[in-house]
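Visitor: I have a chain open here and some questions about it. Can we go through it together?
Guide: Yes, go ahead.

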Amino acid sequence: MTQRDSAAEQVKSSASKVIDHPWVERLMRFGFAAKGVVYALVGLLAAQAALGVGGQTTDTGGALQTIVTQPFGKILLSLVAVGLIGYVLWRLVEAVMDPEHKGTDAQGIVQRLGYAFNGLAYAGLAVSAAQLVLGSGKRSSSDATTQDWTARLLAQPFGQWLVVLGGMLVIGLGFYQFYEAYKAKFKRKLRLDQMSDSEQTWAVRLGRLGLAARGVTFAIIGGFLIQAARQSDPSQARGLGGALQALAQQPFGPWLLAVVALGLVAYGLYTLVQARYLRISTT
């Protein structure tokens, strides 16, 4: 083993001891709970809009805005912000320390980079939550963020092709969600031995329905990105809120929106299951 490899192993060993500390693990589990609350709220608001009893088609940022306007909203949102930091921590652990042994081949690197980008996305959401608590943040929708990044890409050489590639990747991620829902391999990451038969059944049902709903939203977002590239118009791009709104505008839109909304609620509940039963280990 080279001196560099030895130093890397020492760093990884030290980091592992920190991550395996009970309080750090609790923070990461709290992170999954916070994420679950946010997604369940997005789905609940969309379901209310579909049924015509209030609500709105919004994104995770809109869910944060809804939380802060409730009684004791700033306290609740502060807890969500702390939880999201825990979720970001876990994603970075997955990317850097590779507890799932994805490896360093091309496929492994892509998956670990995916964890890192996911962590960065939720880091932005945690910052937004903190800003809302402090009263210094303003509402920034996923549509606006997606359009901003699309405009930046379109301004680059071969920008249209870059946006098309991004759209195809997002659609591919959506189909991967469908695959995950079908195979239900996610249950391998759960401590099933600590669950009753009924709990196992519902955990799998919630996971499948939730992942399928996420797959639908990813596919729609990717389609809008390709449309934005074809028209060289970043305003055509959409985020989660725009994807839900697009569903509502289709034939039988309220029914389609209701189904996907309930799926997002299911995904939020499944993430709460992960908070309790996910296998968290750095070895």
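Visitor: Where does Arg 188 sit?
Guide: This is a predicted model. In it, Arg 188 lies in the loop between α7 (159-183) and α8 (197-231).

Visitor: Buried or exposed?
Guide: Arg 188 counts as exposed, because its relative accessibility is 62%.

Visitor: Which residues share a surface patch with Arg 188?
Guide: Lys 183, Lys 185, Lys 187 and Arg 208 gather with Arg 188 in a patch of positive charge on the surface.

Visitor: Back to that loop. What about Ala 184?
Guide: Ala 184 is also found in the loop between α7 and α8. Its phi is near 55°, a positive value in a residue other than glycine. Most residues other than glycine have a negative phi.

Visitor: And is Ala 184 buried or exposed?
Guide: Ala 184 is buried, because its relative accessible area is 0%, and the cut-off for buried is under 20%.

Visitor: What is phi at Phe 72?
Guide: Phi of Phe 72 is near 60°, again positive in a residue other than glycine. Phe 72 is in the loop between α3 (60-68) and α4 (73-96). At 67% relative accessibility, Phe 72 counts as exposed.

Visitor: New topic. How many helices and strands?
Guide: The protein chain has ten helices and zero strands.

Visitor: What about the overall dimensions?
Guide: The C-alpha atoms fill a box of roughly 60 × 50 × 45 Å along the principal axes. The radius of gyration is 20 Å, which agrees with a compact globule, because 283 residues would give one near 19 Å.

Visitor: How much of the chain is buried?
Guide: Buried residues make up 43% of the 283 residues.

Technical notes. Residues are numbered from 1 along each chain as its sequence is written. This is a predicted model: local features need pLDDT of at least 70, side-chain atom pairs count only at pLDDT 80 or more; totals for chains, interfaces and linings use all residues. Side-chain values use heavy atoms; hydrogens and water are left out. Patches are made of residues with over 30% relative accessible area and no salt bridge: like charges are joined within 9 Å, nonpolar side chains (Val, Leu, Ile, Met, Phe, Trp, Tyr) within 5 Å. Accessible areas come from the Shrake-Rupley method with a 1.4 Å probe; for residues, only the protein chains shown count as cover. A salt bridge is a side-chain nitrogen of Lys or Arg within 4 Å of a carboxyl oxygen of Asp or Glu. Lys and Arg count as positive and Asp and Glu as negative; His and the chain ends are not counted. The place of a charge is taken as NZ of Lys, CZ of Arg, CG of Asp or CD of Glu. Helices (H or I, at least four residues) and strands (E, at least two) are DSSP runs, numbered from the N terminus. Buried means under 20% relative accessible area, exposed over 50%, partly exposed in between (1.4 Å probe, protein chains only). The radius of gyration is taken over C-alpha atoms; the globule rule is 2.2 Å times the number of residues to the power 0.38.
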